[in-house]
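Welcome, and thanks for taking a look at this one with us. Please open the structure below and keep it in view as you read.

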Amino acid sequence: MASSDNSKRNKTSPKTTPVSPVLPAQQVWLAGLGAMAKAQEQGSKAIEALVNDGLAFQRKSQAEAQQRLQEATERLSHMASDFGQQATGRVDKLEHLFEDRVAKALHRLGMPTLLDIQMLNDRVAQLEAQLSALRGTSAKKATPAPSKTAKAQPKTSSTARSAKKSS
């Protein structure tokens, strides 16, 4: 019986699975075409989704970049104004230092300061006022109108004589 079973198996096995090399290659080809069709269909949808995601990311990135640019601009303008104030302060300090040193050098040379000149001008104005007041009171005490002969000869006052002596 064992031999009859083997003969039965040999007869039935070639009939159920025909060995044909053309059939599997065609199936592989068709499977590849199907995979490509699915990839195209799903690929175009995937590409659309990626494009939309890319646009959203680009908008978000641009908004973030503009915000950071604005913050940087504000910081730089603040730093520039601080730098300008510091520079102005330093220039002022340098200017005062220069003025002080020049004033000390002029003082060593014996040059009067602006304050000294102002005080002298005030003193001269005060003395002129006193002199005119003295002249006004001496003119009232003087004799009545001088004669024509007296006008021909100019009068010299005591202050004029003292001024001539000192020169």
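In which helix is the place of Val-102? Val-102 sits in helix H2. Keep in mind as you go that this model is predicted.

## Overall make-up

Let's step back to the whole chain. The secondary structure consists of five helices and zero strands, and reading along the sequence gives the pattern α-α-α-α-α.

The protein has 167 residues, and buried ones account for 0% of them. Its accessible surface adds up to about 15900 Å², with 62% of that belonging to carbon and sulfur atoms.

## A nonpolar patch

Now back to Val-102, which helps to make a nonpolar surface patch of about 520 Å². Its partners there are Phe-98, Leu-106, Leu-109 and Met-111.

How accessible is Val-102, in relative terms? The value is 35%, so Val-102 counts as partly exposed. Patch members need over 30% relative accessible area, and Val-102 has 35%.

## A negative patch

There is a charged patch to look at too. Asp-92, Glu-95, Glu-99 and Asp-100 form a negative surface patch.

Glu-95 is a handy residue to select in your viewer. Glu-95 belongs to helix H2, which covers residues 22–108. With a relative accessible area of 43%, Glu-95 is partly exposed, because that class lies between the buried limit of 20% and the exposed limit of 50%.

Notes. Residues are numbered from 1 along each chain as its sequence is written. This is a predicted model: local features need pLDDT of at least 70, side-chain atom pairs count only at pLDDT 80 or more; totals for chains, interfaces and linings use all residues. Side-chain values use heavy atoms; hydrogens and water are left out. Patches are made of residues with over 30% relative accessible area and no salt bridge: like charges are joined within 9 Å, nonpolar side chains (Val, Leu, Ile, Met, Phe, Trp, Tyr) within 5 Å. Accessible areas come from the Shrake-Rupley method with a 1.4 Å probe; for residues, only the protein chains shown count as cover. A salt bridge is a side-chain nitrogen of Lys or Arg within 4 Å of a carboxyl oxygen of Asp or Glu. Lys and Arg count as positive and Asp and Glu as negative; His and the chain ends are not counted. The place of a charge is taken as NZ of Lys, CZ of Arg, CG of Asp or CD of Glu. Helices (H or I, at least four residues) and strands (E, at least two) are DSSP runs, numbered from the N terminus. Buried means under 20% relative accessible area, exposed over 50%, partly exposed in between (1.4 Å probe, protein chains only).
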